[in-house]
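Please open the model in your viewer and keep the selection tool at hand. This tour goes from one stop to the next, saying at each what to select and what you will find there.

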Amino acid sequence: MRDANDADFSNLLLWYSQAGTPCLKVVTAYDAQAKSYSLKFSQVVPPTPGQPVKDPMFIPVAVGLVGSNGMDIPLSSVNHDGKLETITKDGQPVNTTVLRVTKKEEEFVFSDIPECPVPSILRGYSAPIRLDSDLTDADLCFLLANDSDEFNRWEAGQILARKLMLSLVSDFRKNEKLVLNPEFLHGVKSILCDSSLDKEFVAKAITLPGEGEIMDIMEIADPDAVHAVRTFIRKQLATELKDEFLNTVKNNRSSEQYEFNHTNMARRALKNIALAYLGSLEDEEITELALHEYRTATNMTDQFAALAALDQNPGKIRDEVLADFYDKWQHDFLVVNKWLSLQASSDIPGNIENVRKLLNHPAFDIRNPNKVYSLIGGFCGSRVNLHAKDGSGYKFMGEMVLQLDKLNPQVASSMVTVFSRWKRYDETRQNLAKAQLEMIMAENGLSENVFEIVSKSLAVSSLAQV
């Protein structure tokens, strides 16, 4: 590879000898007079135990420049280290080129750039690094709507969504009115309505980051605020793009025999994410649509997706469809596990009582680990109910851990890890979670598996007070 490309890969092997993920920062600038565009890179590899000082890594950065018309600007040369390098292919300009970043700091300058572009950096996720760019929200919205590189288009949407959600969480805490960024809405609509894109990509690109992901980047996690904000964005998108989502569902139906191939999997994925968005609306038309999808589904993927859409809103219809699904599939253990998990992970307020009732359902057996992971583990998937401010979620999990510890310590130790990050929450939740940990710790005959995790979790509190 080195000989064929006449390249210096001397520091490529550092990926095998240096621990840690490189952090790459990029600052861009456009010179209108010279019609040139520069990217200044600086990289840092954070210190790790035994390796306090790191050498610069070899980082291949795939880059494209997007013009104001949404099209890639053709690239023919780049100036680097005082040398002008030709980057054409078969004598023709390229839309994407790979810049080899090998030093702590270095600059690449593209010439013959007719306007200030929006850079599409790290196309195709060309290197496993953390990227810190100077892209503005407007730039990210532009890439979300126009970038020809699917990874960067998806990444722009995820970065925007995270920033939007964190901003709205701040507004929610201040009791301010929540408003959806219209540029974000436009970006989502552009992807949803672009028939040239792979349908599986579209399904992933319009999926919002999960509540857990947002809480992980907060200094003090706030499950109620994050849940309220994510629910707000989903409903706003569903409301503003209702016609587009309805057309997506209708245009991706199929009455043909089930086939396991990419085309059909992608079609189902897009239809079902559109149905999930619509299901967030309390709308009789949507309820009838979801019921139609449920009743006419020719495969379990579509039927379960319709069930999940109906599961979002409590009421008689939800209960009847859940019962009907169980009657049809009660002899298939794997499907029943999905049925249990769906109900347990529901964000319906006070869902803990429904979960307690399911403990006594014939489909559940606390001695069966997979049933436990589906129902009790599934409940942990609802951040807002698990971390309910009244402590009901913590109390339930504490009780279950003690009960499971007498039957299967390995499963119990898996369940008790839900308390391991209790210090990341507000003081009220910390006290409630800590009380459950202390209650578990005080139990006679506690297994070594559970004891180790609980004692280490409580030790975090002791260390914090030193």
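Leaving aside its neighbours within four places in sequence, which residues is P119 in contact with? Before you look, note that what you have on screen is a predicted model. Now select P119, which has its place in strand β8, residues 118-121, and then show the residues around it: apart from the neighbours within four places in sequence, P119 is in contact with T28, Y37, G64, L65, L135 and L143. One of these partners, L135, is 16 residues from P119 along the chain, and the C-alpha atoms of the two are separated by 8.1 Å. Is P119 buried or exposed? P119 counts as buried because its relative accessible area is 3%, and buried means under 20%.

**Stepping back to the whole chain**

Zoom out until the whole protein chain is in view, and colour it by secondary structure, which will bring out 21 helices and nine strands. Taken along the principal axes, the box that the C-alpha atoms fill is roughly 75 × 60 × 50 Å. The chain has 466 residues, of which 47% count as buried, and if you switch on the surface you are looking at an accessible area of about 23,500 Å², 51% of which belongs to carbon and sulfur atoms. Among contacts between residues at least 6 apart in sequence, 67% join residues that are at least 24 apart. If you then colour by charge, you can pick out 49 positive and 64 negative charges, whose mean positions are 3 Å apart.

**A second strand**

Select S38 next, which is found in strand β2, residues 36-44. Not counting neighbours within four places in sequence, S38 is in contact with V27, T28 and A29, and also with E107, F108 and V109. S38 counts as buried because its relative accessibility is 10%, under the 20% cut-off.

**Two loops with an uncommon backbone angle**

Most residues other than glycine have a negative phi, and the next two stops depart from that pattern. Select D81 in the loop between β4 (77-80) and β5 (83-86), where phi is positive, at about 55 degrees, although D81 is not a glycine. With a relative accessibility of 47%, D81 counts as partly exposed. Then move to D112, in the loop between β7 (105-110) and β8, where phi is again positive, near 60 degrees, in a residue other than glycine. D112 counts as exposed because its relative accessibility is 58%, and exposed means over 50%.

**The largest pocket**

Where should you centre the view to find the largest pocket? About 1,200 Å³ of space lies in this pocket, and of the 44 residues that line it, the closest to its centre are R234, Q312, S345, S346 and D347, so selecting these five will bring you to the middle of it. Now highlight the helices α8 (223-240), α10 (262-279), α12 (300-310), α14 (333-344) and α17 (383-386), each of which supplies at least two residues of the lining. Which helix gives the most to that lining? The answer is α10, with six residues.

**Along helix α14**

Stay with α14 and select V336, which is found in this helix. With residues up to four places away in sequence left out, V336 touches Y326, W329, Q330, A363 and K371. V336 and F364 are 28 residues apart along the chain, and their C-alpha atoms are separated by 9.1 Å. At 4% relative accessibility, V336 counts as buried.

**The last two stops**

Select Q436 in helix α20, residues 427-441, where the contacts beyond four places in sequence are with Y394, K395, G398 and F419. Q436 is buried, with a relative accessible area of 13%. If you add D55 to the selection and draw a distance line from C-alpha to C-alpha, Q436 and D55 are 46 Å apart in space and 381 residues apart in sequence.

Finish at D3, whose place is in helix α1, residues 2-5. Is D3 buried or exposed? D3 is exposed, because its relative accessible area is 64%. A line from the C-alpha of D3 to that of A388 spans 60 Å, and these two residues are 385 apart in sequence.

Note on methods
Residues are numbered from 1 along each chain as its sequence is written. This is a predicted model: local features need pLDDT of at least 70, side-chain atom pairs count only at pLDDT 80 or more; totals for chains, interfaces and linings use all residues. Side-chain values use heavy atoms; hydrogens and water are left out. Helices (H or I, at least four residues) and strands (E, at least two) are DSSP runs, numbered from the N terminus. Buried means under 20% relative accessible area, exposed over 50%, partly exposed in between (1.4 Å probe, protein chains only). Contact means heavy atoms within 4.5 Å. Accessible areas come from the Shrake-Rupley method with a 1.4 Å probe; for residues, only the protein chains shown count as cover. Lys and Arg count as positive and Asp and Glu as negative; His and the chain ends are not counted. The place of a charge is taken as NZ of Lys, CZ of Arg, CG of Asp or CD of Glu. On a 1 Å grid over the protein atoms alone, a cavity is a set of points where a 1.4 Å probe fits but cannot get out, and a pocket is an open set with protein on both sides within 12 Å along at least five of seven lines; lining residues have an atom within 4 Å of a point. Grid points are joined across faces, edges and corners, and a volume is the space filled by probe spheres set on the points.
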